[in-house]
Amino acid sequence: MRTVVWVGIAIAAGGTLAALYHFKANTQALNAQVTALEQQVERARANLAGLRAEWSFLNQPERLEKLARETLGMAPLRDEQIEQRAGFDRVRSTQSGVGPTRDTDAPAGSARITQGFQEPEPLAPRATTPNAQAPYTREATNGLAASGDAIEIGDRASQSVEPILQQVASTAASLDLNPLNGFEPAVPRAGRRAPADLNRTQAAARTIDQALDKAADQTSDKAAGHASAQRTGQRAAAAARSQVRAIASSAGRGATPSRAQPARVTTAATQFDETAAFQQSPGHVAARDALAAANALLETVETPRVDGAGQ
Amino acid sequence: MSWELEADAAERWSQSVTEPWMPRARQASLDDNLARRRHRVPARVLRRLAVLALVFVAAVGVIVWQLASLASVTITAGSMATARVVSPSIARPDVLDREGRLLATDLVYPSMFADPTKISDIDETALALAEHLPHRTPSEWREKLERDGSRFVWLQRALAPKLAQRLHDLGLPGINFREELRRVYPAGAAVSHVLGHVDIDNRGRSGIERHIQNEVGTENIEPPGRTTKAPVAISLDLAVQHAVRAELAQAMETYRARGAAGLVLSMGSGEVLAAVSLPVRDPFDADQKADPERMDRLQLGRYELGSVLKIFSVAATLESGLVTPRTRFDVSAPIQVGRTARIADAYPSPLPLTARQVLLRSSNIGTARMARLLGPEAVRNYYDRVGLFDALRTEVHDGLRTIEPQRWDDVHAMTAAFGHGISMTPLRFAASAATLLNRGRPVHPTFLKWHPSRRKPQVRPVVSPAVSEQLRSMLRENVLLEEGTANKAHVAGYDIGGKTGTAEMVVDGAYAKDRVLSSFVAILPSAEPRFLLLTMLFEPQGKPVSGAFEKPKRSAGHTAAPTTARIIERIAPILGVYKTVKVSPAG
């Protein structure tokens with residue numbers, strides 16, 4: 001019994017020790033992790049401080065003033081560029097001829113002061129004030145808005161071109177043509193590259209839209225007609241093939257061809273001819289024409305864009 | 001036979017091993033067997049065995065103890081030998097301007113040091129160092145490395161991180177690196193006079209940096225890292241500071257001046273919004289610290305400011321009750337004082353001038369007569385009331401005492417009335433002028449951003465508010481009227497009031513006619529003063545003139561006053577002061 005107790009104690013002690021070491025190792029690992037994280041935080045803080053210092057350095061008023069003057073043609077803000085509510089009131093009262101045109105902030109005894117004091121000139125209407133250093137003119141603002149519109153129209157046009165292109169491609173694929181040879185889908189970039197001549201771009205975009213709609217309609221009509229023609233052709237070809245197979249097998253069996261056989265062969269041959277003629281069928285031709293039209297269209301799409309970007 | 005052999009082997013095996021799974025009877029016989037054997041072992045052998053076992057157990061115990069104690073102690077990087085040699089890095093709080101723009105911050109830079117005893121080849125090391133740090137020759141590096149007895153020598157503080165990496169990659173024995181904090185001033189030279197400087201150990205030595213060292217406190221952080229202390233917001237507005245600086249630099253060029261100074265003071269709170277002294281001091285250029293031309297003219301220079309002081313003598317006269325603004329003074333003839341000196345006016349008037357006109361025309365004779373009327377004691381008392389003689393202590397500088405005449409007799413009172421024979425720092429003058437014009441309530445300039453918690457104690461006016469009011473309207477007229485000396489400071493729509501001062505500078509104990517200090521003190525708006533501006537141009541030559549008989553005008557009315565007008569036009573929109581009358585620039 002005593003032995004059992006001793007063995008138990010030994011196992012317990014061993015277990016405790018093992019657990020102790022396990023927890024200690026764990027703690028050390030966690031400690032290391034904490035230290036690493038703290039270092040990481042410290043590093044990040046130091047980097048942040050560096051970036052802030054750099055930002056502040058780049059924002060030195062001296063540097064900003066130089067850049068603003070040289071690259072943007074700006075000048076320090078003048079009081080005339082700030083308008084307050086009081087200013088609007090004054091414009092109204094000046095126009096009605098009763099406004100206070102005297103320096104209203106003059107000290108208490110302003111009657112005394114007016115002896116050598118020049119009356120300020122009547123206020124010019126603000127709209128006509130020539131101000132070369134205003135940051136944006138109204139025209140420029142309108143222009144910006146218009147160019148934004150143009151870009152949007154261009155984007156929309158290119159989006160509507162996309163499905164048509166796909167349709168053309170799939171139709172052409174079913175016709176066993178390779179539509180994407182010879183041009184690449186450059187249209188989606190049209191709007192983004194052409195903010196300069198807005199009217200022309202807008203007009204071009206509209207033309208593209210309409211033309212592409214029409215082309216899409218035509219293409220889908222012709223493709224539908226064409227698909228039925230193709231189905232007929234396929235059926236005929238399948239029939240011809242089966243007949244040829246039958247003829248061949250009967251020939252293979254060494255059987256003497258019956259009198260009916262030449263007639264069947266003739267029929268099959270005719271059907272083969274029909275299949276071949278299908279290549280020249282109106283549906284096929286129409287689809288090819290549609291493809292050519294789409295190609296030509298894409299070329300006209302490109303022309304105004306290049307002009308616009310050049311200006 | 002074979003069975004017997006097997007039985008015998010089993011018996012012998014059972015005798016040598018104790019197994020708990022054995023039957024009890026068998027176990028007993030085994031014990032007997034063992035007991036019999038033990039009797040056969042001699043006692044001394046047993047003793048020796050016991051001693052050996054004890055020694056063994058003790059040794060194992062020691063090993064286990066050592067292992068346990070080793071396991072329980074964590075070895076950290078802090079026990080590196082160098083850490084004890086170097087003082088810990090001083091981490092300082094950031095400095096921001098009143099709008100939160102960063103003006104000063106701590107960055108972590110590597111510094112290189114050597115343990116000369118560990119350097120294997122001193123020539124090779126010196127050559128390698130000189131190759132990467134060519135500002136010292138190999139022999140100079142050698143000299144640095146050859147410090148006898150020392151085990152620690154700084155080689156280069158605050159290296160560029162990439163350069164430090166290259167040097168580290170050389171793997172020179174005995175050369176080590178340590179990260180240190182370094183103070184940087186990303187806003188550049190614009191605010192260097194106010195911020196002051198720190199020494200190589202990042203301790204603040206002057207300006208706001210010294211204030212932080214003494215009042216705000218720094219942190220010693222090891223390993224070097226940034227402090228968690230809140231940043232210090234100072235009263236300057238970097239935008240205003242830059243505008244003032246740019247306009248002053250422009251004026252220095254236009255009027256060919258040697259130096260300039262500008263101050264924008266918020267009269268309500270005493271906050272200094274801009275304090276510019278030109279030429280500026282580059283905070284990263286150590287040579288410029290000792291250059292007297294680049295010192296802070298606003299707080300470290302004492303000047304005879306001249307006629308701007310007339311605002312105090314006129315105010316003193318009005319406050320005495322002896323005169324009103326309409327009282328006339330005879331200014332037709334110069335006043336002879338002593339044997340050589342003579343008080344005269346630049347533009348003498350044959351007619352007597354009213355007190356108001358004395359200020360507007362800046363008549364020396366008129367103010368001298370006022371001082372004679374008051375008496376020296378009264379003049380000095382009044383100057384003292386507005387604080388002109390006190391050293392102005394701010395966060396940036398302890399302040400310099402005003403140098404006043406040794407004796408206050410009639411002559412000295414008369415010259416002091418127009419600002420001669422008394423020299424003070426420009427900031428001292430600005431504070432007193434603000435006190436006079438702020439309805440007499442003392443204004444104490446501060447370079448820290450005002451915080452609602454710093455409620456100002458209600459102070460009694462030291463000057464009568466009525467006189468303050470009279471002075472303000474006179475200053476306004478000085479700018480507004482053609483007759484005023486400051487009419488070139490007029491900007492239509494801004495309610496500017498001000499006083500000019502052109503003082504001949506003292507060179508070798510005598511006044512130099514061609515070297516003047518041109519200053520202009522202005523308030524904005526004069527009816528309800530919010531800001532006080534002081535503009536100074538040192539030794540302006542005036543605008544270059546074309547005519548042969550034309551002399552360049554260097555007086556304050558032609559230099560400092562128009563400069564102030566330009567400064568106001570530029571900073572007023574930033575300060576939120578708008579024109580009351582708008583005249584379109586094109587007419």
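This passage describes a surface patch in chain A and a buried strand in chain B of a predicted model.

At the start of chain A, a nonpolar patch lies on the surface, formed by Met1(A), Val4(A), Val5(A), Trp6(A) and Ile9(A). Together these residues offer about 600 Å² of accessible area. One of them, Val5(A), belongs to helix α1, which spans residues 2–58 of chain A. With a relative accessibility of 43%, Val5(A) is classed as partly exposed, because that class covers values between the 20% limit for buried residues and the 50% limit for exposed ones.

A rather contrasting setting is found in chain B. Strand β8 (residues 259–266) of chain B is largely enclosed by the rest of the structure, since 8 of its 8 residues are buried. Both faces of the strand share in this: Gly259(B), Ala261(B), Leu263(B) and Leu265(B) point one way, Ala260(B), Gly262(B), Val264(B) and Ser266(B) point the other way, and all are buried.

The strand partners of β8(B) help to complete the picture. With strand β18 (residues 531–538) of chain B, β8(B) pairs in the antiparallel sense over 8 bridges; here Val264(B) stands opposite Leu533(B). A further antiparallel pairing, over 6 bridges, joins β8(B) to strand β9 (residues 272–278) of chain B, and in this pairing Gly262(B) is found opposite Val276(B). β8(B) and β9(B) also make up a hairpin, with 5 residues between the two strands. Within the turn of this hairpin, Gly270(B) adopts a positive phi of about 80°.

Note on methods:
Residues numbered from 1 in each chain as written. Chains lettered and ligands numbered in written order. Predicted model: local features only at pLDDT ≥ 70, side-chain atom pairs only at ≥ 80, totals over all residues. Heavy atoms only, no water. Patch = residues over 30% accessible without salt bridge, like charges linked within 9 Å, V, L, I, M, F, W, Y side chains within 5 Å. Areas by Shrake-Rupley, 256 points an atom, 1.4 Å probe, with all protein chains shown as cover. Salt bridge = Lys/Arg side-chain N within 4 Å of Asp/Glu carboxyl O. Helix = DSSP H or I, 4+ residues; strand = E, 2+ residues; numbered from the N terminus. Buried < 20%, exposed > 50% of the residue type's maximum accessible area, 1.4 Å probe, protein only. Pairing = 2+ DSSP bridges.
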